[in-house]
Amino acid sequence: MLQPVIPFNKKVVKLKPFTMQNALEFYYLGNDFKTIIKKLESFILTKDLNIVEKLYSLFYLRDSCVGSMINTPSVVIDADVFLREFDEILDINKKVKVDNIEVEFDYPYNFSSTILDETEIIKSVKVGLEKVYLNKLNNKDREALINSLPSDIDKQLGLFVKENANSLCIDVLIKSERLRLNYSSNTFVLFLKSIFSVVTPHSYRGYIFSLSRRMHDITFLNNSTFVDIEDYLDLYIKENEQNKNTGDQTLDGF
């Protein structure tokens, strides 16, 4: 288990390691947004994180288990550099009141499966003494609560999003150009999927076949991180070179 400390609030997060088996699963994941979100969040064992905390956690996971350089056909990022951007995060929390209803805006808690859902910015709704956190509600009750809010709240939400536009998104380098990804868009979800899509069935078989000659426990290899697999492969190649030089072709597996 990984336990990074989020730098801007010192919160300790528990993460499940991303393994070689997980890397293969991402290849077959498809483009259903709810499925992708469920898979991404399955690695975050700590509950009730907002989306910025989740983003830091997933990049830490990627850096620790796959490596810092993210170099896909469309994305070039150094995860180490990206993680340093989280040393200080702007506090954007704001409460607005209309009649006897108080609505709290903040960084969204949930990844969005829609094109752009600004209502994810609504953190809580307080009517009188009763306060409800939207991330605790099921979809039906959440939708009913949002639809019951006065129209003035919607206007305030639009203003909040406009005022905090730079805080509610990230800029990533896409083919030498910067692309702005909104936290409340499904494009953001596809971006996160892409940074964990590091093997194809062909490359996966190549890794496992090469290492299984020396390490016969396939389950062990599948449960190893991508970083570990590359280390094992590097050691295996060096061992083969040494054996060639000494004439020793024995491979003692385990």
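**View 1. The second largest pocket of the predicted model.** In this predicted model, the second largest pocket encloses about 430 Å³ of space. Its lining is made up of 21 residues, and those closest to the centre of the pocket are Phe82, Glu85, Phe86, Ile170 and Asp171. Three elements each give two or more residues to this lining, namely strand S2 (76–78), helix H4 (79–84) and strand S7 (169–174). The element that gives the most to the lining of the second largest pocket is S7, with five residues. When the residues of this lining are sorted by class, 14 are nonpolar, two are polar and five are charged.

**View 2. The largest pocket.** The space in the largest pocket comes to about 800 Å³. Its lining has 27 residues, and among these Asn110, Phe111, Glu120, Asn139 and Arg142 are the closest to the centre of the pocket. The elements that give two or more residues to the lining of the largest pocket are two helices, H2 (33–41) and H5 (139–147). Helix H5 gives the most, with five residues. Sorted by class, the lining of the largest pocket holds eight nonpolar, nine polar and ten charged residues.

**View 3. The largest cavity.** How many cavities of 30 Å³ or more does the structure hold? There is one such cavity, and the largest cavity contains about 50 Å³ of space. The residues that line the largest cavity are Tyr109, Asn110, Glu120, Ile122, Lys123, Leu134, Asn135 and Arg142. By class, this lining consists of three nonpolar, two polar and three charged residues. A reader who has just studied the second view will meet some familiar names here, since Asn110, Glu120 and Arg142 line the largest cavity and are also listed with the residues closest to the centre of the largest pocket.

**View 4. The protein chain around the pockets and the cavity.** The protein chain has ten helices and eight strands, and its C-alpha trace spans about 85 × 35 × 35 Å along the principal axes. Of the 254 residues in the protein chain, 44% count as buried. Among the contacts in the protein chain with a separation of 6 or more, 60% are accounted for by residues 24 or more positions apart. The accessible surface of the protein chain comes to about 14,000 Å², and 50% of this surface belongs to carbon and sulfur atoms.

Methods:
Residues numbered from 1 in each chain as written. Predicted model: local features only at pLDDT ≥ 70, side-chain atom pairs only at ≥ 80, totals over all residues. Heavy atoms only, no water. 1 Å grid on protein atoms, 1.4 Å probe; cavity = no way out; pocket = protein on both sides within 12 Å on 5 of 7 lines; lining within 4 Å. Points joined across faces, edges and corners; volume = space filled by probe spheres on them. Nonpolar A, V, L, I, M, F, W, Y, C, P; charged D, E, K, R; others polar. Helix = DSSP H or I, 4+ residues; strand = E, 2+ residues; numbered from the N terminus. Buried < 20%, exposed > 50% of the residue type's maximum accessible area, 1.4 Å probe, protein only. Contact = heavy atoms within 4.5 Å. Areas by Shrake-Rupley, 256 points an atom, 1.4 Å probe, with all protein chains shown as cover.
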